[in-house]
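Biologist: I'd like to learn how to read rings, holes and burial in a model. Could you walk me through one?

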Amino acid sequence: MTTFRRWVVTCVVASAAMVLAASGAAAQEAAQVVERMASQVLATVKTGASDAEREQQMTQLFRANFDINAIGQMVLGRHWNSATPDQRSRFMTAFEKAEIRAYSGRFKNYQGQTLTVGRVTSNGASQLVDSQLVQPSGGQPIRIVWEIARGKVVDISVEGVSMGMTRRSDFNSYVSRNGLDALIAELERRGG
């Protein structure tokens, strides 16, 4: 083998190793995001905090682990482009508060479930982290897939149903019937 061919082969092998290392690092980082968040949520719900304290802790967790801007734009869909800057700002604030209030309320009913993180696969620029919510009573586990991009959650699929796409469909129907300002007012009401 000539020196040039040996150099080319070395460069190709080194590049492939770097790509594999990068994708492995991205997968590991994505899994750690989910594991860390699950650990923080469990620590929060086990404290027996009041509703207000739990909601405050969930706000910090939500802001640290979810890409609320990407999620908000996705769930508003085509209405995002036609919204005024004031409507966008009001929507994002109301959407975040409504989501935090909804999830904070759900975690109030925690009954000892645990989350086990499984395989991570690449989906273009994001990583899909497969997990199972294990029931303490031995009931059927619930499959949850977390889509992680830039170190934050951008969507969650529960038993194959995307929460982002479900919200998008619901919001699109609501805006088509009532208008964007009515959706924002409804989210403001839900968020308290």
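Modeller: We'll go from the overall fold to the rings, then to the cavity and the pockets, and end with a loop residue. Keep in mind that this is a predicted model.

Biologist: Fine, let's start with the fold. How many helices and strands are there in the chain?

Modeller: The chain has 7 helices and 5 strands. Read from the N terminus, the elements go α-α-α-α-α-β-β-β-β-β-α-α.

Biologist: And what share of the chain counts as buried?

Modeller: Of its 192 residues, 33% count as buried. For contacts, take the pairs at least 6 apart in sequence: 52% of those join residues at least 24 apart.

Biologist: On to the rings, then. How do I describe an aromatic pair?

Modeller: Two things describe a pair of aromatic rings: how far apart the centres are and what angle the planes make. This structure holds 4 aromatic pairs. Take Phe-91 and Phe-171: the planes stand at 90° with the centres 6.1 Å apart, so this pair is edge-to-face.

Biologist: Where do Phe-91 and Phe-171 sit in the chain?

Modeller: Phe-91 is in helix H5 (residues 85–107) and Phe-171 is in helix H6 (residues 163–178). The two are 80 residues apart, and the pair links distant parts of the chain.

Biologist: Are those two rings' residues buried or exposed?

Modeller: Phe-91 counts as buried, at 0% relative accessibility. Phe-171 is buried too, at 6% relative accessibility. Phe-171 also forms an edge-to-face pair with Phe-95, with 6.1 Å from centre to centre and 85° between the planes. Since Phe-95 lies in helix H5 and Phe-171 in helix H6, this pair ties together parts that are 76 residues apart in sequence.

Biologist: What is the relative accessible area of Phe-95?

Modeller: For Phe-95 the value is 2%, and the cut-off for buried is under 20%, so Phe-95 is buried. Put the ring pairs together and Phe-91, Phe-95 and Phe-171 form a cluster.

Biologist: Rings can also have a charge over them. Which charged residue sits over the ring of Tyr-103?

Modeller: That's Arg-106: its charged end sits over the Tyr-103 ring, 4.8 Å from the ring centre.

Biologist: Let's move to empty space. How many cavities of 30 Å³ or more does a search of the whole structure find?

Modeller: The search finds 1. The space in the largest cavity comes to about 160 Å³. It has 14 lining residues, and the closest to its centre are Ile-71, Glu-99, Tyr-103, Met-163 and Gly-164. So Tyr-103, the residue under that arginine charge, turns up here as well.

Biologist: Which elements supply at least two residues each to that cavity's lining?

Modeller: Helix H3 (68–76), H5, strand S4 (152–158) and H6 do. S4 gives the most to the lining, with 4 residues. By class, the cavity lining divides into 10 nonpolar, 1 polar and 3 charged residues.

Biologist: And the pockets? What volume does the largest pocket have?

Modeller: The largest pocket has a volume of about 770 Å³. It is lined by 28 residues, and those nearest its centre are Tyr-103, Phe-107, Leu-133, Ile-144 and Trp-146. H1 gives the most to this lining, with 6 residues. The lining splits into 22 nonpolar, 5 polar and 1 charged.

Biologist: How does the lining of the second largest pocket divide by class?

Modeller: There you find 6 nonpolar, no polar and 5 charged residues. The second largest pocket holds about 170 Å³ of space. H5, H6 and helix H7 (180–191) each supply at least two of its lining residues. Among those lining residues are Glu-99, Arg-167, Asp-170 and Phe-171, and Phe-171 is a member of the ring cluster too.

Biologist: Last stop, the loop residue. Where is Gln-113?

Modeller: Gln-113 lies in the loop between H5 and S1. With a relative accessible area of 16%, Gln-113 is buried.

Biologist: Which residues does Gln-113 touch, not counting residues up to four places away in sequence?

Modeller: Gln-113 touches Leu-42, Leu-133, Val-134, Gln-135 and Pro-136. You met Leu-133 earlier, as one of the residues nearest the centre of the largest pocket.

Note on methods. Residues numbered from 1 in each chain as written. Predicted model: local features only at pLDDT ≥ 70, side-chain atom pairs only at ≥ 80, totals over all residues. Heavy atoms only, no water. Phe/Tyr/Trp six-rings, centres within 6.5 Å; stacked < 30°, edge-to-face > 60°. Buried < 20%, exposed > 50% of the residue type's maximum accessible area, 1.4 Å probe, protein only. Lys NZ or Arg CZ within 6 Å of the ring centre and 35° of its normal. 1 Å grid on protein atoms, 1.4 Å probe; cavity = no way out; pocket = protein on both sides within 12 Å on 5 of 7 lines; lining within 4 Å. Points joined across faces, edges and corners; volume = space filled by probe spheres on them. Nonpolar A, V, L, I, M, F, W, Y, C, P; charged D, E, K, R; others polar. Contact = heavy atoms within 4.5 Å.
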